[in-house]
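Visitor: I'd like a walk through this structure, and I'll keep asking how you know what you tell me. Can we start?

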Amino acid sequence: MGYVTLSQVTKRFGGVTAVDRLDVEVDQGECLAMLGPSGCGKTTTLRMVAGFEDIDEGEIRVGDRVLSSKRGNYYLPPEKRNFGMVFQAFAVWPHLTVLENVAFPLRIRRLPAAEIEQRTREALTHTNLLGVAHSRPDDLSGGGKQRVALARALAIRPDVMLLDEPLSSLDPHFREEMRFEIKDLQRRFGFSILYVTHDQSEAMALSDRILVMRAGVVQQVGAPTEVYRNPANRFVFAFVGLSSFLRVRLGEGGPAVDGADLPAGLCPPLPAELSGAPQAVLATRPSEVDFVAEGGLRGVVRRRSYLGEMVDYQVEVGGQDVRVQKTRHEPGPAPGEACGLLLRAARWYAADESD
Ligand SMILES: Nc1ncnc2c1ncn2[C@@H]1O[C@H](COP(=O)(O)OP(=O)(O)O)[C@@H](O)[C@H]1O
Ligand SMILES: [Mg+2]
């Protein structure tokens, strides 16, 4: 059974359903990433778990404790939920020192002075802030400020850490470093993490499971590799990992791409639910397309970009783009050259309004 459990949790703002009957469980010591585009309901979900936002339907529990329950008409205020929180904005108090920032929530909780001292010291040690304990947060870098927020969350010895895009305002270099630090702290202290992000690589790197959300509705929950390899739908395919979508006409003579040959046997069999549809899209990952000299789906290389180890090709196929990525050690065509593409792991999806 899950440790943090959300059952049928719904939140509306006027006519907008920000979160729609959300069911999810986070296990003890697990890191669950909530991933989705801006406005899909991630922050609202986190705020409901934290207790800053009441719920319109459903129930939220931790262990056997109810935190929010619509049916039971029950709501536990945030300060009674033992959660640590870190937000995107550097929410530290500028007029307090680093040490005072970390100790503050413990003072609010009226812990004994010796305990406050010990916990603060411990949190500062684990976040490498002991050396700047008497500085003001404004004297620290963005990464340093976020570390203060993390230390403050850590000091309350939370059951669960609620992290809302905590790294998105940091430089890429700090971002990666802090990812490791967060994972490290989690291993050491064993808390659960509910981690909100719109960055799929962050979700993949940090989490044990990813929940993909769109417009308040869960699309898929699974291990990062599962979500990447077996996306539940086109939205998940597009949101997790790189993708290209090729518009394909489905007619009497079989699948066809306007302006390019689509050799028989190149595409996977059409799923039953698409038979009879006038068109569909063929979805590919850049890493799952190979170049061939003869045959294949014919196109012309429009752009070639070097991304360090990888080379990224934009290939025009009958007026549409297909991306291909190869390592820099693999031979590939030059810009302007004609080439053939083999689709190693293409998938069919229904066409939508944007196609
Ligand atoms: N306090 C609020 N009042 C009205 N609408 C809100 C409020 N908070 C969030 N929303 C709306 O709820 C939806 C989800 O927002 P949010 O949870 O912030 O998304 P995310 O964190 O995924 O970007 C959006 O449509 C947003 O405009
Ligand atoms: Mg948000």
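Guide: What follows is a set of questions and answers about this predicted model.

Visitor: What makes up the chain overall, in helices and strands?

Guide: There are eight helices and 20 strands. Seen along the principal axes, the C-alpha atoms fill a box of roughly 80 × 50 × 35 Å. The chain has 355 residues, and 47% of them count as buried.

Visitor: Let's pick one residue, then. Why is Lys 326 called buried?

Guide: The word applies under 20% relative accessible area. Lys 326 comes out at 6% relative accessibility, so it counts as buried. You'll find Lys 326 in strand β18, which covers residues 320-327.

Visitor: What makes the link between Lys 326 and Asp 290 a polar contact?

Guide: The cut-off for a pair of N or O atoms is 3.5 Å. The side chains of Lys 326 and Asp 290 are joined at 2.6 Å, so the pair falls within that limit. Lys 326 has another partner too: a polar atom of its side chain lies 2.9 Å from the backbone oxygen of Val 289.

Visitor: Now an opposite case, maybe. Is Arg 229 buried or exposed?

Guide: Exposed means over 50% relative accessible area. Arg 229 has 55%, so it earns the word exposed. Arg 229 sits in helix α7, residues 224-229. Here's one more thing to look up on screen: the C-alpha atoms of Arg 229 and Ala 33 are 17 Å from each other, with those positions 196 residues apart along the chain.

Visitor: How do you know that Ile 108 is exposed?

Guide: It's the same kind of check, with the cut-off at over 50%. Ile 108 has a relative accessible area of 57%, so it is exposed. Ile 108 belongs to helix α2, residues 98-108.

Visitor: And which residues form a nonpolar patch with Ile 108?

Guide: Trp 93 and Phe 104 do. Together, the three residues of this surface patch have about 280 Å² of accessible area. To be in a patch, a residue needs over 30% relative accessible area, and Ile 108 has 57%.

Visitor: Let's turn to ligand 1. Which residues are around it?

Guide: Among them are Phe 13, Val 16, Pro 37, Gly 39, Cys 40, Lys 42 and Thr 44. The shell divides into five nonpolar residues, five polar ones and one charged.

Visitor: What makes Lys 42 a polar contact of ligand 1?

Guide: One of its polar side-chain atoms is 2.9 Å from an oxygen atom of ligand 1, and the cut-off is 3.5 Å, so the pair qualifies. The backbone joins in as well: a polar backbone atom of Gly 39 is 2.6 Å from a ligand 1 oxygen, and for a backbone N or O atom of Cys 40 the distance is 3.2 Å. On its own, ligand 1 exposes 560 Å², and the protein buries 57% of that. Two elements give two or more residues to the shell, namely β2 (16-26) and α1 (42-50). Of the elements, α1 gives the most, with three residues.

Visitor: Why is α1 called largely enclosed?

Guide: Seven of its nine residues are buried, so the rest of the structure largely encloses α1. The buried ones include Lys 42, Thr 44, Leu 46 and Val 49. Just after α1 comes Gly 51, with a positive phi of about 100 degrees.

Terms used:
Residues numbered from 1 in each chain as written. Chains lettered and ligands numbered in written order. Predicted model: local features only at pLDDT ≥ 70, side-chain atom pairs only at ≥ 80, totals over all residues. Heavy atoms only, no water. Patch = residues over 30% accessible without salt bridge, like charges linked within 9 Å, V, L, I, M, F, W, Y side chains within 5 Å. Areas by Shrake-Rupley, 256 points an atom, 1.4 Å probe, with all protein chains shown as cover. Salt bridge = Lys/Arg side-chain N within 4 Å of Asp/Glu carboxyl O. Helix = DSSP H or I, 4+ residues; strand = E, 2+ residues; numbered from the N terminus. Buried < 20%, exposed > 50% of the residue type's maximum accessible area, 1.4 Å probe, protein only. Near = heavy atom within 4 Å. Polar contact = N/O pair within 3.5 Å; in protein donor to acceptor, adjacent residues only side chain to side chain. Nonpolar A, V, L, I, M, F, W, Y, C, P; charged D, E, K, R; others polar.
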